[in-house]
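Biologist: Please pick one part of this chain and go over it slowly with me. Start wherever you like, and then follow the thread outward.

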Amino acid sequence: MSDLLPQSDSYDASSIEVLEGLEPVRKRPGMYIGGTDERALHHLVAEVLDNSMDEAVAGHANRIEVELHADYSITIRDNGRGIPIDPHPKFPDKSALEVILCTLHAGGKFSGKAYATSGGLHGVGASVVNALSDKLRVEVARNRELYAQEFSRGIPQGPVAKVGPAPNRRGTTFTFHPDAEIFGALKFRPARLLTMVRSKAYLFSGVEIRWKSAIEDGDTPMEATFHFPGGLADYLNEQLTGNVTYSDKPFAGKVSFQDKFNAPGSVEWAINWTPVRDGFVQSYCNTVPTPEGGTHEQGFWAAVLKGIRAYGELANNKKAAQITREDMAAGGCALVSCFIREPEFVGQTKDRLATTEAARMVEGAVRDHFDNWLAADPKSAGAILDFLVLRAEERLRRRQEKETSRKTATKKLRLPGKLVDCTATNKIGTELFIVEGDSAGGSAKMGRDRKTQALLPLRGKILNVLGAASGKLTTNAEISDLCQAMGVGLGPKFRLDDLRYDRIIIMTDADVDGAHIAALLMTFFYTQMRPMIDAGHLYLACPPLFRLTQGAKRVYALDEAEKERLYAEGLGGKGKIDVSRFKGLGEMDAKDLKETTMDPASRRLIRVSVDDDLPGETSDLVERLMGKKPELRFQYISENARFVEELDV
Ligand SMILES: Nc1ncnc2c1ncn2[C@@H]1O[C@H](COP(=O)(O)OP(=O)(O)OP(=O)(O)O)[C@@H](O)[C@H]1O
Ligand SMILES: [Mg+2]
Ligand SMILES: [Mg+2]
């Protein structure tokens, strides 16, 4: 087989490239910062800030400054130990600083010796920022001296050099400008940076962060200092200001623990419940935000869930056992921040924590405290429990509703007796013809494709739903037959998933009465099963009005105009052309009906759609369809292409 494929001479060893140094970062930024969009751009700041935070959390720095300059470059400074500038043992002619900035996987956080619990762990962050900046300058104040080195797109612009004395200073300063070759015209957004900086201060109360911006952005302050000894509890209260909560004070705390290697770790949390907004959870590990959650979040929710269930049992509330994590999270607003050694994240942007241990450690740390908190404040605890039980009941009711409606759909319980169902078990490609009158049902029954086409004859006119109270709808026999056949409920109970057929086709006589019935049905579907129309499942069949015969030749005309045209053009046969007008579907034999109206190969269908570009007009159209003059309605259906769009299927 392979002989048949053209061989390419050019694919040999020379086509295998090895990217050196920081080239891979510039070639595939997505792998390192998750893309080249605004989020990725701001992630550069997060990498540098995280390094300073690591230094602070390790107890070596207590002040960080972040300054956005007018040219959209940014400076991040800490008063930590300063990145080492002495020659690196492995590369004697390079400083450790240069190795860190120009080599992937160079760092001091692999062993846990220089840092206990750090956000950094890959030895990649600083070098990635360097690779993606057209200008980057690092200053290190160490041993009373100030050193500096500059880079462009990852390449040193000279060796690290002493640039002066620094008698009262220590720490690291990064100033960089993102490369437009990578990020295009994207610029830092002060508001976004400020949010990041503030949350860091909340996450570690041992640090003071100073913010300064030369660029205005709404009411974002140009200068501010953040220091939050109250930690996450304050952070949560601030985020919930103005919202009613079930407890005056959030359930919050901070606990230290030891992991199985006896390494120190800790978790801090705050949670409160509110009925007025959706819940949220923001989690962090070693001050790195984990928007996709992970094991620390899992452990936290497990503790809270078990706690509330146990409390419910104690309070003799049997329904508390039904509460799930999903109910907990609805209306539950939570912050979770843990510090652990050697965390494992998914990806360099660290969106999710993967350390399995964290789940158990966090759960263990939070659980007892939650039990105590609930017991100490029965008023809040009772309110939260009631709220969660209500959520659980609501969820269960929704599920049961869905289950019963599916049962009618799939197990064909209580299908109406007059439904002539199709045999296909898969709903794709199936059609339900809603036909007018029993006689039409006869021809349609013989002309249908038994496998995919089902029939539901409707007797007489169904009531005018536009004026009907909804109570009347549910008790109307025709309508309940229709709903059962389709497998769906009315109005808010309608679920598109439950629809038993792919297409619902209204097939009525091509006369005024037929048009009236079609209009009634369309109005009914429009008001009660709108999603079905929006998803394109509702159709009108187009039975012909005339049959023209000339000898053995036989053609159909949909309307007067088509009849005239065909008559004038002739049928190509010999002799006189006979024209007969169908008075109704019942007049057509099975063959005629099949060929003209039902057989997908030769029929015409109109798909019913609602034109949303015409606000206000739809209901007006519905009124018109339902208006007093039936002729108008008929005209409308056959001619107006705005509400109904023609489609050959
Ligand atoms: N502000 C700083 N103060 C002291 N040392 C720093 C500072 N910034 C970086 N370093 C040193 O440089 C090393 C490399 O930093 P880099 O951000 O590249 O990797 P990392 O932080 O170890 O891991 P990650 O890739 O997960 O961020 C760090 O491990 C640390 O030893
Ligand atoms: Mg780092
Ligand atoms: Mg590095």
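Modeller: Let's start at the end of a helix: just after α3, G59 takes a positive phi of about 90°. Keep in mind throughout that we're looking at a predicted model.

So, helix α3 itself. It spans residues 38–57, which comes to 20 residues, and reaches 28 Å from its first C-alpha to its last. That is close to the 28 Å expected at 1.5 Å a residue. As for its surroundings, 17 of the 20 residues of α3 are buried, so the helix is largely enclosed by the rest of the structure.

Now to what α3 does for the ligand shell. Ligand 1 has 21 residues around it, and the closest are N51, G107, G108, G120 and G125. Two elements give two or more residues to that shell, α3 and α5 (125–131). Of the elements, α3 gives the most, with 4 residues. In chemical terms, the shell around ligand 1 divides into 5 nonpolar, 11 polar and 5 charged residues.

The residue to stare at is N51. It sits in helix α3 and is among the residues closest to ligand 1. N51 counts as buried because 24 other C-beta atoms lie within 10 Å, where 20 or more is what it takes. Leaving aside residues up to four places away in sequence, N51 touches G120, G125 and A126. Two of those, G120 and G125, are themselves listed among the closest to ligand 1, and G125 is where α5 begins. So that you can compare with the record: under "binding site", an unreviewed UniProt entry lists N51 together with G120, G125 and A126. Others in that UniProt list include Y11, D78 and K350.

H122 is on the UniProt list too, and it makes a nice contrast with N51. H122 lies in the loop between α4 (96–102) and α5. With 18 C-beta neighbours inside 10 Å, H122 counts as partly exposed, whereas N51 is buried. The contacts of H122, again leaving aside residues up to four places away, are with H105 and Q348.

Back to α3 and what packs by its end. G80 is in the loop between β2 (74–78) and α4, and it touches S52, E55, A56, H60, A61, G171 and T172, not counting residues up to four places away in sequence. S52, E55 and A56 fall inside the range of α3, 38–57. The approach to A61 is worth a look: G80 and A61 are 19 residues apart along the chain, yet their C-alpha atoms are separated by 4.2 Å. G80 is buried, because it has 24 other C-beta atoms within 10 Å.

Since we began with a positive phi, here are two that aren't glycines. R144 has a phi near 65° and lies in the loop between β3 (133–142) and β4 (145–152). N286 has a positive phi of about 50°, and its loop joins β12 (280–285) to β13 (288–289). Their surroundings are opposites: R144 is exposed, with 11 other C-beta atoms within 10 Å, while N286 is buried, with 30.

For a helix to set beside α3, try α11. It runs over residues 356–376, has 21 residues and reaches 32 Å from first C-alpha to last, close to the 30 Å expected at 1.5 Å a residue. α11 bends by about 25° at R367. Its buried residues are A358, A359, M361, V362, E363, A365, V366, F370, W373 and L374. When you read that pattern, remember that an α-helix has 3.6 residues a turn, so residues three or four places apart point the same way.

One more loop, between α13 (438–447) and β18 (453–458), holds R448. Despite being in a loop, R448 is buried, with 21 other C-beta atoms within 10 Å. It touches Q453, L455 and M598, not counting residues up to four places away in sequence.

Finally, zoom out. The protein has 21 helices and 25 strands, and of its 649 residues, 41% count as buried. Among contacts with a separation of 6 or more, 68% come from residues 24 or more positions apart.

Notes:
Residues are numbered from 1 along each chain as its sequence is written. Chains are lettered from A and ligands numbered from 1 in the order in which they are written. This is a predicted model: local features need pLDDT of at least 70, side-chain atom pairs count only at pLDDT 80 or more; totals for chains, interfaces and linings use all residues. A residue is near a molecule or strand if its C-beta atom, placed from the backbone, lies within 6 Å of it. Ala, Val, Leu, Ile, Met, Phe, Trp, Tyr, Cys and Pro count as nonpolar, Asp, Glu, Lys and Arg as charged, and the others, Gly among them, as polar. The expected span of a helix is 1.5 Å times one less than its number of residues. The bend at a residue is the angle between axes fitted to the seven residues ending there and the seven starting there. A residue is buried if 20 or more other C-beta atoms lie within 10 Å of its own, exposed if 12 or fewer, and partly exposed in between; C-beta atoms are placed from the backbone. UniProt positions are given in the numbering used here, feature names are shortened, and annotations may be inferred rather than shown by experiment. Two residues are in contact if their C-beta atoms, placed from the backbone, lie within 7 Å.
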